[in-house]
Amino acid sequence: LGSGVKLTKPFFPPQITIEEHLQRKIHRLAHTAARLRIIERRFIWLRLAVFALGACGTLWAATQLEDRFAWLIFFISLAAFGIVVAAHRRLDTRIIRITQWQEMHQEQLARRALDWKRIPSADLSWERNPLDLDLDLTGPRSLHHLVNLAVSKEGSQRLAQWRTQPQPDAANISFRQAVVRELAGMPRFRDRLLLALRQVSREQLEGKKLLAWLDSEYSVQRLPWLLLVSAVLVLINAVLFWLNMLGQIKAYWPITLAAYTFFYF
């Protein structure tokens with residue numbers, strides 16, 4: 001290479017930069033989201049069509065056939081409408097997930113370019129120590145602002161405490177560095193973990209509130225019997241409905257259905 005010979009072709013194919021890789025990801029995600037939004041708009045008309053066909057079919061059966069056939073068509077239409085609605089919601093969830101993934105990659109680009117306006121900042125309500133004030137380790141346009149990916153307020157504060165500890169612990173630092181080296185080779189796992197956490201809430205989580213709810217008696221004592229009563233009412237509804245469809249008893253199931261609806265709300 002030092003002899004002045006000009007190479008027409010490189011020995012290895014040129015490698016793309018991280019910025020170009022992120023741009024390609026953002027472009028693919030945007031294309032996928034646009035395609036899914038087209039399908040999502042079609043689901044609106046599909047829901048309307050299923051609802052209209054079910055209503056017309058039920059009305060026709062109620063006037064031309066026996067009542068049990070009308071009820072049967074009604075519940076079949078209701079089930080079909082529920083399936084379409086569930087598929088529509090699943091598609092909406094996927095669009096939201098892709099959009100959030102796209103936003104995550106855009107934030108990564110902003111961090112690499114030091115585009116501070118596009119990097120989310122955490123509100124740290126704590127007293128800054130002299131080391132933090134001298135080196136400006138936390139706050140806007142700081143090191144903490146640049147590297148903080150925590151989804152909870154407590155996580156942001158812990159990261160800030162690690163960065164501003166006046167007397168660092170060498171053993172703990174070595175352990176954290178080992179964890180960072182292990183996670184450095186798993187970018188897809190990190191992205192999926194961060195995406196899953198961001199889907200919980202768009203705002204920063206508060207661990208104290210979550211722990212207080214988990215420790216409360218409501219979530220531990222009331223949930224089992226709520227599920228038991230709901231299951232019993234569903235079973236009674238199903239048995240009474242099919243006995244009425246077979247002509248064995250009168251239509252008592254609307255009463256239990258109303259009871260279940262009241263209990264549900």
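**Exercise 1. Sort the residues that line the largest pocket by class, then find where they come from.**

*Solution.* By class, 23 of the lining residues are nonpolar, nine are polar and 14 are charged. Here Ala, Val, Leu, Ile, Met, Phe, Trp, Tyr, Cys and Pro count as nonpolar, Asp, Glu, Lys and Arg as charged, and the others, Gly among them, as polar.

A word on the model before we go on. This is a predicted model, where local features need pLDDT of at least 70 and side-chain atom pairs count only at pLDDT 80 or more, while totals for chains, interfaces and linings use all residues. Residues are numbered from 1 along each chain as its sequence is written, and side-chain values use heavy atoms, with hydrogens and water left out.

Next, the space: the largest pocket holds about 2000 Å³. A pocket is an open set of points on a 1 Å grid over the protein atoms alone, where a 1.4 Å probe fits, with protein on both sides within 12 Å along at least five of seven lines; lining residues have an atom within 4 Å of a point. The volume is the space filled by probe spheres set on the points, which are joined across faces, edges and corners.

Then, the residues: 46 line this pocket, and Val-147, Leu-149, Val-180, Leu-183 and Arg-190 are the closest to its centre.

Last, the elements: α1 (18-64), α2 (67-113), α4 (143-147), α5 (153-163), α6 and α7 each give two or more residues to the lining. Helix α7 has the largest share, with nine residues. Helices are DSSP runs (H or I, at least four residues), numbered from the N terminus.

**Exercise 2. Describe the second largest pocket in the same steps.**

*Solution.* Start with the space, about 420 Å³. Of its 18 lining residues, Glu-107, Pro-120, Arg-198, Arg-202 and Gln-204 are the closest to the centre. The classes come next: six nonpolar, five polar and seven charged. Finally, α2 gives the largest share of this lining, five residues.

**Exercise 3. Find the residues of the nonpolar surface patch and the elements that carry them.**

*Solution.* The patch is formed by Phe-175, Val-179, Leu-183, Met-186, Phe-189, Leu-193 and Leu-197, with about 590 Å² of accessible area together. Two elements give two or more residues to the patch: α6 (170-184) and α7 (187-200). Patch residues have over 30% relative accessible area and no salt bridge, and nonpolar side chains (Val, Leu, Ile, Met, Phe, Trp, Tyr) are joined within 5 Å. A salt bridge is a side-chain nitrogen of Lys or Arg within 4 Å of a carboxyl oxygen of Asp or Glu. Areas come from the Shrake-Rupley method with a 1.4 Å probe, and for residues only the protein chains shown count as cover.

Now take one member. Leu-197 sits in helix α7 and is partly exposed, at 34% relative accessible area. The cut-offs are under 20% for buried, over 50% for exposed, and partly exposed in between.

**Exercise 4. Look at the loop between α3 and α4 and at Asp-134 in helix α3.**

*Solution.* Begin with Asp-134, in helix α3 (residues 130-135). Asp-134 is exposed, at 64%, and its C-alpha is 40 Å from that of Arg-97, 37 residues away in sequence.

Move on to Asp-136, in the loop between α3 and α4. Although not a glycine, Asp-136 has a positive phi of about 55°, and it is partly exposed at 39%.

Arg-141 is in the loop between α3 and α4. Its phi is positive, about 55°, although it is not a glycine, and Arg-141 is exposed at 54%.

How values were computed: Patches are made of residues with over 30% relative accessible area and no salt bridge: like charges are joined within 9 Å, nonpolar side chains (Val, Leu, Ile, Met, Phe, Trp, Tyr) within 5 Å. Buried means under 20% relative accessible area, exposed over 50%, partly exposed in between (1.4 Å probe, protein chains only).
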